[in-house]
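Colleague: I'm new to this one, so could you walk me through it?
Modeller: Gladly; let's put it on the screen and go step by step.

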Amino acid sequence: MNPQLASAISGKRMIEFDYGGHHRVAEPHVYGRIHGVDELLVYQVAGSSSSGGLPQWRRVAVSGMSGLTISTDVFPGPRPYPSGEHSPWDEYYAVVS
């Protein structure tokens, strides 16, 4: 488990990171494990992505993230999921409240 990510979620702090060749700015919402892989559910608000426009929900493998920085900027808290709920996780490390 990455304590920086858990701290960013509990403090509702924006994060920046590189993933899949793109720089991303996002609100971290859920950090946990799915099928043996540590993943992070973020609401990406800036930067770029190969899979579509912004803002948008994204789930990223933590092992694929690089250059993680925790911003002093905060976000207000949970956002509604398009379906009303997110997909199940095997284990939660941190969830925004």
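Colleague: Which residues are exposed on the other side of α1?
Modeller: Bear in mind that this is a predicted model, where local features need pLDDT of at least 70, side-chain atom pairs count only at pLDDT 80 or more, and totals for chains, interfaces and linings use all residues. Residues are numbered from 1 along each chain as its sequence is written, and side-chain values use heavy atoms, leaving out hydrogens and water. Helix α1 spans residues 3–10, with Leu-5, Ala-6, Ala-8 and Ile-9 buried (under 20% relative accessible area, against over 50% for exposed and partly exposed in between, with a 1.4 Å probe and protein chains only). On the other side of α1, the exposed residues are Pro-3 and Ser-10.

Colleague: How wide an arc do the buried residues of α1 cover around the axis?
Modeller: An α-helix has 3.6 residues a turn, so residues three or four places apart point the same way. The buried residues lie on the same side of α1, because their arc, taken from the directions from the helix axis to the C-beta atoms, is only 160°.

Colleague: Which residue caps the N-terminal end of α1?
Modeller: Look for a side-chain oxygen 2.7 Å from the backbone nitrogen of Gln-4. That oxygen belongs to Asn-2.

Colleague: Which element gives the most to the largest nonpolar core?
Modeller: This core has 18 residues, and Leu-5 and Met-65 are among those with the most contacts inside it. Such a core is a set of buried Ala, Val, Leu, Ile, Met, Phe, Trp, Tyr and Cys residues joined through side-chain atoms within 4.5 Å. At least two residues come from each of α1, β1, β2 and β3. The top contributor, with 4 residues, is α1.

How values were computed
A polar contact is a pair of N or O atoms within 3.5 Å; within protein, one must be able to donate a hydrogen and the other to accept it, and residues adjacent in sequence count only if both atoms are side-chain atoms.
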